[in-house]
Amino acid sequence: MSKKLWLKDLIDKFIGIIVIIFLLPILFIIGILIKIEDGGKIFFLQKRLGKDRKIFKIYKFRTMKENAPDIRLADGSTFNSDDDPRVTKIGKFLRRTSLDELAQIINVIKGEMSIIGPRPDLPDHLKLYEGDEFKKLLVRPGITGYAQVNGRNDLPWKERFKYDIYYAENWSIMLDMKIILKTIQIILTGKGVNRENV
């Protein structure tokens with residue numbers, strides 16, 4: 001697997017640079033809209049667990065009001081709801097369209113993330129990993145991934161691991177292409193964006 005990942009890394013860097021060049025006007029507009037609504041920070045940065053257990057700071061366009069409380073579900077995953085009062089008006093749109101994740105192109109260019117891969121967990125979640133679940137960390141985390149196109153936030157956190165493990169063990173360019181196509185389909189339908197209970 002490690003011998004093939006250099007190709008994936010090269011493709012990620014190339015796509016990341018192309019995407020950020022072409023989407024720069026959109027990214028700029030998103031930043032302005034976030035700033036206009038409440039004058040707060042444009043980006044939300046949070047420590048996440050990367051490849052080989054390395055900790056990095058993930059970028060997202062801020063969708064919540066500043067200093068909003070962090071609410072977790074029983075399995076430790078993030079609470080999401082259509083009626084979440086912590087989410088700003090522009091934030092609701094960004095979440096529904098997944099545009100808040102576009103900021104992670106910065107992480108891709110920095111070599112911390114991939115376009116496709118398992119979604120990165122919080123560092124504290126590492127102590128909850130069991131058995132084969134550590135295989136998730138053999139590849140760089142992604143902006144979208146195999147678990148996201150097979151249930152997204154509808155899946156309990158532990159349930160997502162089986163998809164993450166499968167991806168880490170069976171990565172291929174063809175699989176990545178299938179995930180990208182299905183990701184586009186899911187974004188257009190908005191399926192599985194929010195998850196309010198386990």
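Ser98 counts as buried, at 14% relative accessibility; buried means under 20% relative accessible area, exposed over 50%, and partly exposed in between, with a 1.4 Å probe and protein chains only. This is a predicted model in which local features need pLDDT of at least 70 and side-chain atom pairs count only at pLDDT 80 or more, while totals for chains, interfaces and linings use all residues. Residues are numbered from 1 along each chain as its sequence is written, and side-chain values use heavy atoms, with hydrogens and water left out.

Ser98 and Arg53 each have a positive phi. Most residues other than glycine have a negative phi.

| Residue | Phi | Loop | Relative accessibility |
|---|---|---|---|
| Ser98 | near 65 degrees | between α3 (89-97) and α4 (105-109) | 14%, buried |
| Arg53 | near 70 degrees | between β1 (43-49) and β2 (55-61) | 47%, partly exposed |

Helices (H or I, at least four residues) and strands (E, at least two) are DSSP runs, numbered from the N terminus.

Asp12 lies in helix α1, residues 2-22. Asp12 is buried yet has no salt bridge, that is, no side-chain nitrogen of Lys or Arg within 4 Å of a carboxyl oxygen of Asp or Glu. The nearest side chain of opposite charge, Lys8, is 4.5 Å away. The Asp12 side chain does make a polar contact with that of Ser114, at 2.6 Å.

Helix α5 covers residues 157-170, 14 in number, and spans 21 Å from first to last C-alpha, close to the 20 Å expected at 1.5 Å a residue; the expected span is 1.5 Å times one less than the number of residues. Buried residues in α5 include Trp157, Phe161 and Ile165.

Technical notes: Lys, Arg positive; Asp, Glu negative; His and termini not counted. Polar contact = N/O pair within 3.5 Å; in protein donor to acceptor, adjacent residues only side chain to side chain.
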